[in-house]
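Please look over the sequence and the structure below before reading on. The paragraphs that follow begin with strand pairing and then move to the wider architecture and the nonpolar cores.

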Amino acid sequence: MSADRETNHDMTHGEIALLLAEATEEVEIGTAPYQEVVRGGRRRRARRWAVATAATLVIAGSTGSLALAGAMGGDDRRTVATDSENPTPDVVDRPRYTTLAVGTDKGRKWEVRISVWEAPLDASEARAQLDAMPLYGSDPKGVRDAEDLVGKSWFFVDLVVDGTVSTVVQGPTEPGDTPSGKDMTSYAVPLGDDGSYRLAICRLPSTAKRAEVTWDNGSTTVVHRNPQGTGMEYDKAAIHPVDGADSSWFVASAPEGVAFKAARVVA
Amino acid sequence: MGDRKQARDEEFQAFVIGRWPRLMRTAFLLTGEQHAAEDLVQTSLEKVYAAWRRVGSANEPEAYVRRVMINCHARRHRRRLKEFLAPRDDSTLTHEVPDTGDHIARADDRRALLTALSQLSPRQREAVVLRYWEDLSETQAAEAMGCSVGAVKSNAAKGIAKLRALPGLAETMTHGGGRK
């Protein structure tokens, strides 16, 4: 069915279609790299089999998050998934998970969780880690060789909306990167259909007690450290320690139409 | 058994060679950059190859590859931080070397549109490209994007509204379009 049948803007549709067609003249088509595609496809197929055989491991590693997702829609308070629900520390071939926030947006439940991979000590550990990462959906950007992972801990922040997982922030951290004082790294991430940067995902020192997020409409959200062992509330931001990391994180969300502007450590 | 595999491989090869140009153009509109477009199409086709036994026998392998490509594109963009999604500098785009006045004007038009597209959110860009370039219905676009028809409508409408609001593109729409 032509898209024109569903729109009342035939002229606009035609004009835009024509402009898009013209814009594609900029691209060089070249020859289809069939052999490369087949090689890559075979690698992916082999990896898929590996994922299938490791499925139980994935579930074990995700217990905290899965338990939380499974409980969504019931109580409005729940316990933060941290140490006790995660794999043994100092294992390089599995990440450790912490849930940072849960919320609802137009009836859709969302969750932000972080997975942290221990820094491999040598090339052999790094190879094991790089092989294991795809099994957990972790794809470290810019890493070509396993050796690139040595001495670095990688984190992946996932946004889960109605069960669909997207990695929204990722990166390595090294021992010297530990935030201190009023250091703060903030990431603005879109939430909802309009693409507005309504989520502020922030990394801050493990000593930070209070932070403040400023939104582009001038309003602010004050975020306090969540006392250990207390519950997590929907749509309420709190600073959490992160299992396997030397820093704390929080996630604050804005209403529709409002976007992230800035964040700072207050105390 | 071996014959069936060979037949599937030949079918896949024909699919790749036949669809490559169209997929490249779509990927270029999604990414605005030559190498990113090649990378996006190659990655998508690798995923399609891994599932070709099932996909090839289905009625619409093209719809499947489109879905894979949109997923890859969305996933890459969701990973990026705000600064990566900020309007691109012209230097990141592939430029045509102009040799006549008309070619210069046309290349400028294309760049205006690519720059304008780069200012849309990934979902808006996907909706605009699927609806207006791929000429998909709202239902088909929703299927490719893995979202509701309402979300496609909303993203396409917002995307088009943003494009219209950009002075460079408005001029292109006034003076261009019919030159082709």
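Two strands are taken to pair if DSSP finds at least two bridges between them. In this predicted model, five bridges join S6(A) to strand S7 of chain A, residues 199–205, and these two strands run antiparallel. Along this pair, Val189(A) stands opposite Leu199(A), which belongs to S7(A).

The S6–S7 pair of chain A belongs to an open sheet of seven strands, whose order is S6-S7-S12-S11-S9-S8-S13 and whose pairing is mixed. Its edge strands in chain A are strand S6 (185–189) and strand S13 (260–265), each of which pairs on one side only. With direction ignored, neighbouring strands of this sheet are turned by 25° against each other on average.

A further open sheet in chain A is formed by four strands in the order S2-S3-S4-S5, and here the pairing is antiparallel. Strand S2 (96–105) and strand S5 (164–173) of chain A are the edge strands, each pairing on one side only, and the twist from one strand to the next averages 15°. Within this sheet, nine bridges join strand S4 of chain A, residues 153–161, to S5(A), with the two strands running antiparallel; Phe156(A) stands opposite Gln170(A) in S5(A).

Taken as a whole, the secondary structure of chain A comes to five helices and 13 strands, and 37% of its 267 residues count as buried. If one considers the contacts in chain A between residues at least 6 apart in sequence, 59% of them join residues at least 24 apart.

Among the helices of this chain, H5 (residues 123–132) of chain A offers a case that can be followed residue by residue, for Ala126(A), Gln129(A), Leu130(A) and Ala132(A) are buried in this helix. Why do these residues lie on the same side of H5(A)? They cover an arc of only 160° around the axis, and therefore they fall on the same side of the helix. What covers the buried residues of H5(A) includes strand S3 (108–117) of chain A.

Chain B is built from helices, its secondary structure coming to ten helices and zero strands, so that the pattern read along the sequence is α-α-α-α-α-α-α-α-α-α. Buried residues make up 43% of the 180 residues in chain B, and of the contacts in chain B between residues at least 6 apart in sequence, 64% join residues at least 24 apart.

The nonpolar cores remain to be described. In soluble globular proteins, nonpolar side chains tend to be buried together. The largest nonpolar core in this model has 52 residues, and those with the most contacts inside it are Leu20(A), Met24(B), Ala27(B), Leu29(B), Val48(B), Val129(B) and Met145(B). Helix H1 (residues 2–31) of chain B gives the most to this core, with ten residues, while domain 1 (1–79) and domain 2 (88–180) of chain B each supply at least three residues to this core. The surroundings of Leu29(B) can be listed individually: not counting residues up to four places away in sequence, Leu29(B) touches Leu20(A), Ala23(A), Thr24(A), Leu117(B), Val129(B) and Trp133(B). Apart from the largest core lies another core, of 50 residues, among them Val116(A), Leu130(A), Trp215(A) and Met232(A). Of these, Leu130(A) has already appeared among the buried residues of helix H5 of chain A.

Terms used. Residues are numbered from 1 along each chain as its sequence is written. Chains are lettered from A and ligands numbered from 1 in the order in which they are written. This is a predicted model: local features need pLDDT of at least 70, side-chain atom pairs count only at pLDDT 80 or more; totals for chains, interfaces and linings use all residues. A residue is buried if 20 or more other C-beta atoms lie within 10 Å of its own, exposed if 12 or fewer, and partly exposed in between; C-beta atoms are placed from the backbone. Two residues are in contact if their C-beta atoms, placed from the backbone, lie within 7 Å. The arc is that of the directions from the helix axis to the C-beta atoms. A nonpolar core is a set of buried Ala, Val, Leu, Ile, Met, Phe, Trp, Tyr and Cys residues joined through C-beta atoms within 7 Å. Domain bounds come from an automatic or database domain assignment. Axes are lines fitted to C-alpha atoms, for helices over the stretch in contact, and angles run from 0 to 180 degrees between N-to-C directions.
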